[in-house]
Structures are given as C-alpha cells and as structure tokens.
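Colleague: I'm new to this one, so could you walk me through where the ligand sits and what surrounds it? Let's look at the structure together.

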Amino acid sequence: MDIVVSGIRSTGNLHLGNYFGAIRNFVKMQEENPCYFFIADYHSLTTHPTPADLHSSVKTVLVEFLACGLDPEKATLYVQSDVPEVAELYLLLNMNAYVGELERCTSFKEKIRTHPNNVNAALLTYPTLMAADIIIHKAHKVPVGKDQEQHLEMTRTFASRFNRMYNVDYFPEPVAYNFGEDLVKIPGLDGGQKMSKSDNENSAIFLADSPEVIRKKVMKAVTDAGPTEPNQPKPLAIENIFQFLKIFSSTDTYTHFNDLYNRCEIRYGDLKKQLAEDIIVFNNPLREKIEALKNDTDYLGKVARMGAEKARESAAKTIREVREIIGFRSM
Ligand code: AMP
C-alpha cells in the first residue's frame, strides 16, 4: 500500500491555495492510504527565525487541518518538531547534498531575491529537510501543489543517491500526486502567479477570513481597464480572476462573465461582487468549524500527542535502519 506524506509550514493561517493544492487531496487520501500529515514548524524558521508565537501558529494550522476534514483516527497528524528523528535524517542527507544543486533551486533563488537580509544556511538546505520529512516514512506519494514540483524532484535525487551510495534498495522515489490530474496552482489576487501567505498578504484569502474581509480582498483584486477588442486574450491578472470564477462559481456564472468579456462589455465590479459571494459560500462552513475547534485545547493536545507517537514510531524505525546501512554501531 502506498504511503503518503505531506506538510504545511506553520507561518500563518491556511489559505485557499493550501486547500486546493494540498489539503483537499489529504482528505481524500486518508480514506485509502496510510497517511502522515505534518505541520512544518522547523521549516517555518527559515523565513521567520523569531516567530512572535511559534506555539500558537502551530495550533492554528492544527485547528485548520481538522476543520478541513483531516481525521486523526485515519491519518497521522503531527508536528514536525515532535519528531526529532527528522532532524537526524536531515543531517545525514546534507552530507550527500551538493551546494551547487541546492543553489540552483528556483525557490532558493526566489527567496534570496525577496529576503536578501536573511540568506541563511537552512534556506539553502530547505530541500534536504523537505526530503527528510518525506522519506523518513518511506513515502511513495506526496500530495502537493505545482509550486513544489522541483523540491520533489530533489527529494527523488536524494533518495536515489542514498540508495546508490550505500548500495541498497531502501528509499522509494516519491512522486507528487493529485489523483491523476495536473498539479494545482491557485493564483494570487494581486495579479501574481501564486497565492502565498509569505509574500503579500493581500494575495491570499485565508480559510479563517470573515465574509467582510473576503469581500474587501476580492474587490481590491488587481484588474485592468478592460478589453478593447472582442475575444482578446486575457492578461495574467484577468486570467487569474476567471480561474477563481471557474473554481468557486457555477458554470453559468463563468460563461456569463466570459461572454461579457469577449464582447468587451465586462464590468469587473459586478464580477467581483459575485465572486466574493461565491467564495464566502465555500468558505463559511470551514470558518465555522475553525471557530468551534480553536478553543478546545484538550482535544488539540490529545490529537498532537497521538500523532507524535505514531509518527515517531515510523521515523525511529527508519533512523535505526539508516544508521545500520551507513555503518553506525554502538561501542
Ligand atoms: P506552504 O504554504 O508553502 O507551506 O505550502 C503548503 C502546501 O500548499 C504545499 O503542498 C504547496 O504546494 C501548497 N500550496 C501553497 N500555495 C499554493 C498555491 N497558491 N496553489 C496551490 N498549492 C499551493
């Protein structure tokens, strides 16, 4: 049976990109596969080295995981730092990861451009920590968004390199997974390529956003002066807005606004009003569950402890075997 692993950084509230790129698939996969889903709090320090409150950010993501339908009885839900074996595998993988290949990673280049004052070593070795997270459970499938494709390629490189170097057939080479469909990328509302919590808060709609906040964000979404000729191709920001319509609104609504666009009669204000209401209808049940769960400290503690125990059992086994393969022995 294929083992599934995936994680989300604890740098803030979850947004619609996280939901459609990853969590929606977590919920489906937990029904059929052994799944490990974790909150990546070690990872969050690469960009937020002194978080205002690490603990409450982790709790927020746990609450939102559960609100989205992750079931701690079916999947193993855990906090990355509760499983220190991950840090040991990270160290061991770093011995065989080359600086050149890490420097060529697109997300590293992007991060040094956006955070030039904090180019730390862990940012460079982000792909080895991500690889350790995944292969510590000997995963086969990783439900992620399109933005993680390159990291996953590196995970395969590190897994197969380990096998080759130590002459074993130990780690599977994990693949990105989205039920046979293309990997998803949810764009930003700011006209950008990707909805993201770290780069621009206005680009993202969070699962915990109230209807008022959603209306405000959608009305502020980047558009342009409108098409000047019939059937004109849509610029990126407009393409993004139509992608949202496709996801959240009915086919009739999409066709209606698409026809208006093609006839140069579109009024973006009307489109945005409709889109905001459709997003609110989708988001409201999630937000209500978040509200209901967020103060249930006893339950959240129980879930995290149960997850840590199960995840450590699997991780400790891998570390024992990896140590054996490399040649570590007790005196
Ligand atoms: P992160 O928020 O960067 O920790 O990402 C956690 C998960 O959400 C990963 O599987 C990402 O691929 C996915 N994800 C993040 N942003 C997006 C987006 N805009 N579209 C699709 N998936 C996304």
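Colleague: Which residue has a backbone N or O atom that lies 2.9 Å from a nitrogen atom of the ligand?

Modeller: Keep in mind that this is a predicted model. Ile186 also offers a polar backbone atom to a nitrogen atom of the ligand, but that distance is 2.8 Å. The residue at 2.9 Å, again through a backbone N or O atom, is Met195.

Colleague: And which side chain has an N or O atom 2.6 Å from an oxygen atom of the ligand?

Modeller: Start with the residues that come nearest among the 18 around the ligand: Arg9, Gly145, Asp147, Ile186 and Met195. One of them puts a side-chain N or O atom 2.6 Å from a ligand oxygen, and that is Asp147.

Colleague: How much of the ligand's accessible area does the protein cover?

Modeller: On its own, the ligand has 480 Å² of accessible area. With the protein in place, the covered part of that area is 96%.

Colleague: Which element gives the largest share of the shell around the ligand?

Modeller: Two elements, β1 and α1, each supply at least two residues of that shell. By class, the shell divides into six nonpolar, seven polar and five charged residues. The largest share is four residues, and they come from α1.

Colleague: What is the volume of the space taken by the ligand?

Modeller: The ligand takes up the largest pocket. That pocket is lined by 45 residues, and the closest to its centre include Arg9 and Asp147. Its lining has 16 nonpolar, 18 polar and eleven charged residues. The volume of the largest pocket is about 1200 Å³.

Colleague: Which elements give two or more residues to the lining of the second largest pocket?

Modeller: The second largest pocket holds about 210 Å³ of space. Its lining includes His55, Val58, Lys59 and Leu62, along with Thr297, Leu300, Gly301 and Ala304. By class, the lining has five nonpolar, four polar and three charged residues. The elements giving two or more residues are α3 (54-67) and α14 (297-326).

Colleague: What about closed space: which element supplies the largest share of the lining of the largest cavity?

Modeller: The structure holds one cavity of 30 Å³ or more, and the largest cavity has a volume of about 40 Å³. Its lining is made up of Leu92, Leu93, Asn96, Phe158, Arg161 and Phe162. Both α4 (85-94) and α9 (149-165) supply at least two of the lining residues. The largest share, three residues, comes from α9.

Terms used. Residues numbered from 1 in each chain as written. Predicted model: local features only at pLDDT ≥ 70, side-chain atom pairs only at ≥ 80, totals over all residues. Heavy atoms only, no water. 1 Å grid on protein atoms, 1.4 Å probe; cavity = no way out; pocket = protein on both sides within 12 Å on 5 of 7 lines; lining within 4 Å. Points joined across faces, edges and corners; volume = space filled by probe spheres on them. Nonpolar A, V, L, I, M, F, W, Y, C, P; charged D, E, K, R; others polar. Near = heavy atom within 4 Å. Polar contact = N/O pair within 3.5 Å; in protein donor to acceptor, adjacent residues only side chain to side chain. Areas by Shrake-Rupley, 256 points an atom, 1.4 Å probe, with all protein chains shown as cover. Sits in = over half its atoms within 2 Å of the grid points.
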